[in-house]
Amino acid sequence: QVQLVESGGGLVQAGGSLRLSCAASGVGFSWTIMGWYRQAPGKQREMVGTISPGGITNYADYVKGRFTISRDNAKRTVYLQMNSLEPEVTAVYYCNSNQGTWPWGQGTQVTVSS
């Protein structure tokens, strides 16, 4: 079974950038559409965007071109580059398949201060 470990979060000032990573172990990553998700305090988890095994990406409207998802299938890792950060993106960020198939990792906290 695939296990997911997110990392790279932290506290950053508005306008800053972060690069999140999600390392997957087990079989299945290379042929799976991967997604990044976020869960803000008091809100449900929501999709940030997805990336196909071949690198085709789709994003939620609120991303507004500020986020970029990439992946390295050889390293079984998916990335989320976050630029021009604003306080409203503060949340715990997770990765999973685009259908949330696998057990959720612990996520990585992103906090943006104004």
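Two strands count as paired here if DSSP finds at least two bridges between them. Keep that in mind for the views below, which come from a predicted model.

**View 1. Strand 3 meets strand 8.**
Strand 3 covers residues 18-25 and strand 8 covers residues 77-82; the two run antiparallel and share six bridges. If you want one pair to look for, find S21, which sits opposite Y79 of strand 8. Both strands belong to an open sheet of four, with the order 1-3-8-7 and antiparallel pairing. At its edges are strand 1 (3-7) and strand 7 (67-72), each pairing on one side only. On average, neighbouring strands in this sheet are turned by 15 degrees against each other, ignoring direction.

**View 2. The whole chain, for orientation.**
Zoom out for a moment: the protein has ten strands and zero helices. Read from the N terminus, the elements go β-β-β-β-β-β-β-β-β-β. The radius of gyration is 13 Å, close to the 13 Å that the globule rule gives for 114 residues, so the protein is as compact as a globular protein of that length. The C-alpha trace spans about 40 × 25 × 20 Å along its principal axes. Out of the 114 residues, 45% count as buried. The accessible surface adds up to about 5900 Å², and carbon and sulfur atoms hold 49% of that. As for contacts with a separation of 6 or more, 54% of them link residues that are 24 or more positions apart.

**View 3. The six-stranded sheet.**
Here six strands make an open sheet in the order 2-10-9-4-5-6, with mixed pairing. Strand 2 (10-13) and strand 6 (57-59) are at the edges with a single partner strand each, so one side of each has no neighbour in the sheet. Neighbouring strands are turned against each other by 25 degrees on average, direction ignored. As a general reminder, strands of a sheet pair through backbone hydrogen bonds, either parallel or antiparallel.

**View 4. The hairpin of strands 4 and 5.**
Strand 4 (residues 34-39) and strand 5 (residues 46-51) pair in the antiparallel sense, with five bridges between them. Two pairs are handy landmarks: M34 has I51 of strand 5 as its bridge partner, and W36 stands opposite G49, also in strand 5. Six residues lie between the strands of this hairpin, and G42 takes a positive phi near 75 degrees.

**View 5. On to strand 6.**
Strand 5 also pairs with strand 6, again in the antiparallel sense, this time over three bridges. Look for I51, which stands opposite T57 in strand 6. These two strands form a hairpin with five residues between them, and G55 in its turn has a positive phi of about 100 degrees.

**View 6. T50 and its surroundings.**
T50 is part of strand 5. Is this threonine buried or exposed? T50 has a relative accessible area of 15%, so it falls under the 20% cut-off and counts as buried. Setting aside neighbours within four places in sequence, T50 is in contact with I33, M34, G35, I56, T57, N58, I69 and N98. Two of these names come from the earlier views: M34, the bridge partner of I51, and T57, which I51 stands opposite.

**View 7. T90 in its loop.**
T90 belongs to the loop between strand 8 and strand 9 (91-97). With a relative accessible area of 19%, T90 also lies under the 20% limit, so it counts as buried. Which residues does T90 touch, not counting those up to four places away in sequence? They are A40, P41, Q109, V110, T111 and V112. From C-alpha to C-alpha, T90 and K43 are 12 Å apart in space, with their positions 47 residues apart in sequence.

**View 8. Polar contacts of the T90 side chain.**
Stay with T90 and look at what its side chain reaches. One contact goes to the backbone oxygen of P87, at 2.9 Å. Another goes to the backbone nitrogen of V112, at 2.9 Å. V112 is also among the residues that T90 touches.

Note on methods:
Residues numbered from 1 in each chain as written. Predicted model: local features only at pLDDT ≥ 70, side-chain atom pairs only at ≥ 80, totals over all residues. Heavy atoms only, no water. Axes fitted to C-alpha atoms, helices over the stretch in contact; angles between N-to-C directions. Rg over C-alpha atoms; globule rule 2.2 N^0.38 Å. Buried < 20%, exposed > 50% of the residue type's maximum accessible area, 1.4 Å probe, protein only. Contact = heavy atoms within 4.5 Å. Areas by Shrake-Rupley, 256 points an atom, 1.4 Å probe, with all protein chains shown as cover. Polar contact = N/O pair within 3.5 Å; in protein donor to acceptor, adjacent residues only side chain to side chain.
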